[in-house]
Amino acid sequence: MTTIDPLDTREDLDLDLIIIGAGFAGMMALHHARGLGLRTVVLEAGDDVGGTWYWNRYPGLTCDIESYFYSYSFDEQLQQEWEWRDRYATQEEILSYARHVADRFALRSGIRFGTRVVSQAYDETALRWSVIDEHGVVRTARFVIMATGVLSAPKEMRLEGEATFGGQVLRTTHWPDGVDLTGKKVAVLGTGSTGIQVSTEIADKVEHLYVLQRTPSFSVPNHNRPLDPAQTAEVKANYPALRAHCRTTLDGLILPGTGRNTADVPVEEQLAILEDAWADGRGFRFDVTFEDTLLDDGANRVVADFLASKIRQLVDDPETARRLTPSGYPFGTRRICMDAGYYAIFNRPTTTLVDLRETPLVGLTATGVQTTTEHLEVDAVVLATGYDAVTGALSRIEIVGRDGRRLSDHWAEGARTMKGIAVAGFPNLFLITGPLSPSVFTNVIASIEQHVEWLTTLLEHAKAEQLDEIEALPEAEEAWVRHSDELAASTLHTRGTSWFSGANVEGKPRRILAYVGGLGAYGEHLAAETTQDYPGFALRRVQTVGAAHSDTEEN
Ligand code: NAP
């Protein structure tokens, strides 16, 4: 007799849970959903796991969070057995890790690759979501988890004259295999984390590199190196305690801060502390070294001036150093970049910085890049122009909730969520690292784990109580949006001009898209939902009595 595995979902279109995305969030969510016995399928646009680490294959891509912590903690054996090679892992190493996790937990059988979701709608009668993929296949499920990532939807970017350009246009977010830029003339557009990494990596290989910069970033050296086995052994011996500590911090990392305001520290001591942070190689230290860096203009300038002095030391030509020095936004309101020798590339005769604020970009010609004052002959143009961050992957799917309301309409004036994890009017739909959760202000893996664990507890409760509908309350959502906005407004973040607020995408409504209160404090807000029987949600059990429905609300 053949026994049927009740969790075998190979041909199943009728499920308990659909998870969208097989990056780090989707993989962990699948593993935990299986643990609850939920019939679950993950729908993934790519052909393999890894999410943003699958798509982004540009030269020089290295993580800016140390590998000891940019990894899962949910399985002790996994974190003990995996050996990281470098302090900061490369894209290849992180993708290998993701593949290892997929194999180790037999996740692939639950993932439909090459399956991009295009729309999903909530059926208020059936109390189920219908999810439609690019092939027209309709799957239904009671619950949907959006594990679509925060930096996964590239900003749409088409340069004037792109179609007439005879060379290669390369997008960092979809880097093709087999590209060789050796000996070529290359222009890199963009000087965020991505552009800085690409430019640094290719500078000594190309014939000439033009770095096209509109807004300079703050960047610090990452001092990457192979990991010391003794340190690895020590970390592994203390992993549970270290991970638990990470959950209590602002950013999901353990970074030494002084706990003091800048003004309370004598100037010589300030400099010594900042020198120490520079030598350390963990860029995010600069955000937390002093308590008031992101709260007070004067304090902010201390860090900004220190980093500007480093640029002057590292770049031989004073004019180039001046152009590379950030201005016009407070330090920390754009994500700090971490590099492997970025400023030194400008001392090479074969690297030219093109300041697009002085000479704006016009577009591409048949043979190169045209600015308002010059024409640069190039063989290839690299677009490192960033993402429609945090909300982009969600807004590219048509999501229709209660009463036919579209998520894009609900968010027309800015993303709104209940604690970053659910949306009023969109029952049984959950977001991992959604807008107004700490997400991009943290080590995102720590944020992912926090959300998956919390959702697992919720879904377990739903199963035990036979709940049909879980829906964020509009008043709870409103309160969270206000709280998140107020916290952001108490910092310098609202003066930033980056993807943190949506300012990098034309027409995108502005709102600080991540919760600035920190992972630790946020964890307490989430925990309050669980321990107080979910006051921010309506939990409904719908019992069928003959033809009529009787609804029971738990709260
Ligand atoms: P980004 O920080 O948004 O930078 C995009 C760059 O492209 C900016 O310099 C931007 O200039 C420029 N740009 C965009 N449109 C332009 C236009 N029309 N004309 C001229 N310049 C234009 O994007 P990203 O570098 O991809 O980084 C995004 C985030 O991804 C990072 O902040 C980081 O969180 C993450 N990331 C992490 C790593 C890592 O782990 N090491 C690596 C890469 C990315 P303006 O600012 O003037 O618009």
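**Exercise 1.** Decide whether Leu513 is buried or exposed, and state where Leu513 is placed.

*Solution.* Begin with the accessible area: Leu513 has a relative accessible area of 3%, and buried means under 20%, exposed over 50% and partly exposed in between, with a 1.4 Å probe and protein chains only, so Leu513 is buried. Next, find its place, which is the loop between helix H15 (474-489) and helix H16; helices (H or I, at least four residues) and strands (E, at least two) are DSSP runs, numbered from the N terminus. Then look at Trp499, which is 14 residues from Leu513 in sequence and 8.5 Å away in space, C-alpha to C-alpha. Finally, leaving aside neighbours within four places in sequence, the contacts of Leu513 (heavy atoms within 4.5 Å) include Trp499, Pro435 and Leu436.

The model is predicted, so local features need pLDDT of at least 70 and side-chain atom pairs count only at pLDDT 80 or more, while totals for chains, interfaces and linings use all residues. Residues are numbered from 1 along each chain as its sequence is written, and side-chain values use heavy atoms, with hydrogens and water left out.

**Exercise 2.** Describe Leu436 by its phi, its place and its accessibility.

*Solution.* The phi of Leu436 is near 70°, which is a positive value in a residue other than glycine. Leu436 lies in the loop between strand S18 (429-431) and helix H14 (444-464), and with 0% relative accessibility it counts as buried.

**Exercise 3.** Treat Asp533 in the manner of the previous exercise, giving phi, place and accessibility.

*Solution.* Asp533 is a residue other than glycine with a positive phi, near 60°. Its place is the loop between H16 and strand S20 (537-545), and its relative accessibility of 34% makes Asp533 partly exposed.

**Exercise 4.** Work out which residues of helix H7 are buried and why they line one face of the helix.

*Solution.* In H7, which spans residues 239-246, the buried residues are Tyr239, Arg243 and Cys246. Seen down the axis of H7, these buried residues fall within an arc of 55°, so they line one face of the helix; the arc is that of the directions from the helix axis to the C-beta atoms. Among the elements that cover them are helix H3 (76-81), helix H6 (229-237) and helix H16 (519-531).

**Exercise 5.** Locate Arg282 and find which backbone oxygen its side chain reaches.

*Solution.* Arg282 is in the loop between helix H8 (267-280) and helix H9 (285-288). From there its side chain reaches the backbone oxygen of Ile254 at 3.3 Å.

Methods
A polar contact is a pair of N or O atoms within 3.5 Å; within protein, one must be able to donate a hydrogen and the other to accept it, and residues adjacent in sequence count only if both atoms are side-chain atoms.
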